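Me: Please take a close look at one loop in this model. Tell me what sits there, what it touches, and how it fits into the rest of the chain.

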Amino acid sequence: MLPLSLLNTAQGHPMLVELKNGETFNGHLVNCDNWMNLTLREVIQTSPEGNRFWRLPECYIRGNTIKYLRVPDEIIEMVKEDAVRQRQATGGGGRGRGGSRSGGGGNSGRGEVFDVIFNISYYDY
């Protein structure tokens, strides 16, 4: 699952965004682009200390300032279902010239993910 496909699916749904400076934004995702810049509506902004709050009708967040995103579990399920549908439509989702791998441990021992938090810091170069 790629972060941008998750964000495209999350459009219109609520999400939490924390910035690197500690500020948080809770709102409904309106739009996102390839640089992970976000537009949120009906936003509640919280100060880094957590003691001040602002209600904003709309805000724009630059992608390289994002520390992590939190989206509802239903969005993750929707992305998984879309991926399965795409694989079925293309005939099985082969892996290039090598074909699919047999056997294997599935998800590398990570267990089921209930809250998805994307650490964006590795995108900073």
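Reply: Start with Glu23. Outside the residues up to four places away in sequence, Glu23 touches Val17, Glu18, Gln45, Thr46, Ser47 and Pro48. The model is predicted. Glu23 lies in the loop between β1 (14-19) and β2 (24-32).

Now the charge. Glu23 is buried, yet it has no salt bridge. The nearest side chain of opposite charge is Arg52, and it is 8.8 Å away. A salt bridge needs a side-chain nitrogen of Lys or Arg within 4 Å of a carboxyl oxygen of Asp or Glu, so Arg52 at 8.8 Å does not provide one.

Next, Gly22. This residue is in the loop between β1 and β2 too. Leaving aside neighbours within four places in sequence, Gly22 is in contact with Ser47 and Pro48. Both of these also appear in the contact list of Glu23. Gly22 and Ser47 are 25 residues apart in sequence, but their C-alpha atoms are 7.2 Å apart in space.

Contacts across the sequence matter for the whole chain's count as well. Among contacts with a separation of 6 or more, 51% join residues 24 or more positions apart.

Now widen the view. The chain has two helices and six strands. From the N terminus, the order is α-β-β-β-β-β-α-β. Of the 125 residues, 30% are buried. The accessible surface is about 8700 Å², and carbon and sulfur atoms account for 49% of it.

Val17, a contact of Glu23, leads to the core. The largest nonpolar core has 21 residues. Those touching the most other members are Leu7, Met15, Val17, Phe25, Leu38, Leu40 and Ile61. At least two residues of this core come from each of α1 (3-9), β1, β2, β3 (38-46), β4 (53-61), β5 (66-71) and α2 (73-90). Thus β1 and β2, the strands on either side of the loop, both contribute. In soluble globular proteins, nonpolar side chains tend to be buried together.

Ile61 gives a closer view of that core. Its contacts, not counting residues up to four places away in sequence, are Val17, Leu19, Phe25, Met36, Asn37, Leu38, Leu40 and Ile66. Val17 is in contact with both Ile61 and Glu23.

Last, confidence. The mean pLDDT of the chain is 80, and 72% of the residues reach 70 or more. Over residues 108-125, the pLDDT is below 50. That stretch still has 26 contacts in the model beyond near neighbours in sequence.

How values were computed: Residues are numbered from 1 along each chain as its sequence is written. Side-chain values use heavy atoms; hydrogens and water are left out. Helices (H or I, at least four residues) and strands (E, at least two) are DSSP runs, numbered from the N terminus. Buried means under 20% relative accessible area, exposed over 50%, partly exposed in between (1.4 Å probe, protein chains only). Lys and Arg count as positive and Asp and Glu as negative; His and the chain ends are not counted. Contact means heavy atoms within 4.5 Å. Accessible areas come from the Shrake-Rupley method with a 1.4 Å probe; for residues, only the protein chains shown count as cover. pLDDT is the predictor's confidence in each residue, from 0 to 100. A nonpolar core is a set of buried Ala, Val, Leu, Ile, Met, Phe, Trp, Tyr and Cys residues joined through side-chain atoms within 4.5 Å.
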